[in-house]
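Please open the model in your viewer and keep the selection tool at hand. The tour below moves from one selection to the next and says what is found at each stop.

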Amino acid sequence: MEEGITTDFRKKMSYGDYLGLDTLLTAAKPISPEHDEMLFITIHQVQELWIKLLLHELDLAIRCIRTDQPRQAFKAMARMGRIQRQLIEAWEVLATMTPRDYLAFRVHLGSSSGFQSWQYRALEFRLGEKNPDMLKPHAHRPDLVAKLQAVMAEPSLYDEALRLLARRGYPVPAEVLGHDLSRPYEPNAKVTEIWASIYASNDSEFDLYELAEELVDIEDAFQTWRFRHMRTVERIIGMAPGTGGSAGVPYLRRAIERRFFPELYEARTAMA
């Protein structure tokens with residue numbers, strides 16, 4: 001061992017102490033004796049950790065856009081894209097589990113399902129896909145309901161982007177700027193025209209042009225994640241219902257069609 005390397009941690013913080021590894025590495029607790037249950041638990045726990053970081057970066061991006069610092073938001077949004085890649089690739093690992101491997105321990109999952117992830121729901125709300133019905137799976141946890149209600153009441157990433165456009169002098173309709181933040185966002189043709197004009201004059205408003213592309217990157221990666229999720233589930237359980245009572249693959253397939261930033265896609269059609 002190299003001279004000078006610290007080896008006595010009786011009164012010093014170690015790597016394991018800093019990362020809380022005693023807690024982290026004992027968090028995966030399979031219920032069954034089946035080998036692949038550890039894979040299933042680990043993949044979902046790792047995804048929750050990545051989502052936690054994704055929310056951390058998303059909050060920074062929202063704050064930067066709110067304070068007229070879109071360029072500072074781009075770093076956080078670019079990092080979000082890298083995180084989303086990790087989330088997408090995680091399904092490739094889970095897809096190594098065969099139907100027989102999964103069915104051997106599925107009964108032990110009871111009614112638990114990824115649908116019940118409160119962090120995932122907070123992520124959707126932060127991106128603008130707000131639906132009060134999605135609070136129902138958390139009714140047994142008033143603390144989580146309170147957290148999600150707070151997120152629902154705040155402007156989403158897209159709300160802040162549209163408010164930035166208004167501060168730059170673009171004619172964002174009053175009904176868009178004043179819409180009920182706790183309800184799903186409704187597309188507006190005037191907003192589509194604004195984004196189309198920004199794309200058409202990208203040299204003069206390049207930071208807004210780049211903002212539009214960063215938003216599209218985030219949505220594209222999110223939809224890719226949803227697609228890989230759906231295909232992984234289909235590969236393992238086919239068209240069987242989900243453990244949480246959903247229709248399974250048909251439910252996941254419908255989610256792929258939902259948009260966070262609809263006018264950014266409609267603008268492309270308008271420009272074609």
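Is Y185 buried or exposed? Select Y185 to begin: its relative accessibility is 14%, so it counts as buried, where buried means under 20% relative accessible area, exposed means over 50% and partly exposed lies in between, with a 1.4 Å probe and protein chains only.

Before going further, note that this is a predicted model, in which local features need pLDDT of at least 70 and side-chain atom pairs count only at pLDDT 80 or more, while totals for chains, interfaces and linings use all residues. Residues are numbered from 1 along each chain as its sequence is written, and side-chain values use heavy atoms, with hydrogens and water left out.

**Aromatic rings**

A search of the whole structure gives 14 aromatic pairs, a pair being two rings of Phe, Tyr or Trp (its six-membered ring) with centres within 6.5 Å, called stacked if the planes are under 30 degrees apart, edge-to-face if over 60 and tilted for the rest. Add Y158 to your selection: the ring centres of Y158 and Y185 are 5.3 Å apart and the planes stand at 90°, so this pair is edge-to-face. The two residues are 27 apart along the chain, with Y158 in helix α8 (residues 157–167) and Y185 in the loop between α9 (174–177) and α10 (189–200); helices here are DSSP runs (H or I, at least four residues), and they are numbered from the N terminus. Y158 is buried, with a relative accessible area of 1%. Now widen the selection to W91, Y120, Y158, Y185, F222, W225, F260 and F261, which together form one aromatic cluster.

**Charges and salt bridges**

Stay with helix α8 and select E160, which forms a salt bridge with R66, the closest N and O atoms being 2.8 Å apart. A salt bridge is counted when a side-chain nitrogen of Lys or Arg is within 4 Å of a carboxyl oxygen of Asp or Glu, and the structure holds 20 of them. Because E160 lies in helix α8 and R66 in helix α3 (residues 37–66), the pair ties together parts that are 94 residues apart in sequence. E160 is buried at 1% relative accessibility, whereas R66, at 38%, is partly exposed.

Next select R121 and E124, which form a salt bridge with closest N and O atoms 2.7 Å apart. Both lie in helix α6 (residues 118–127), three residues apart, or about one turn of the helix, and both are buried. What else does R121 lie over? Show F115 as well, and you will find R121 over the face of its ring, at 5.0 Å from the ring centre; this requires CZ of Arg or NZ of Lys within 6 Å of the ring centre and within 35 degrees of the ring normal. Extending the selection to E129, R226 and R258 shows the network of salt bridges that links them with R121 and E124.

**Out to the surface**

Finally, select M13, Y15, Y18 and L19, which make a nonpolar surface patch of about 540 Å². Y18, in helix α1 (residues 15–19), counts as exposed at 63% relative accessibility. Such patches use residues with over 30% relative accessible area and no salt bridge, joining nonpolar side chains (Val, Leu, Ile, Met, Phe, Trp, Tyr) within 5 Å and like charges within 9 Å, and the accessible areas come from the Shrake-Rupley method with a 1.4 Å probe, only the protein chains shown counting as cover for residues.
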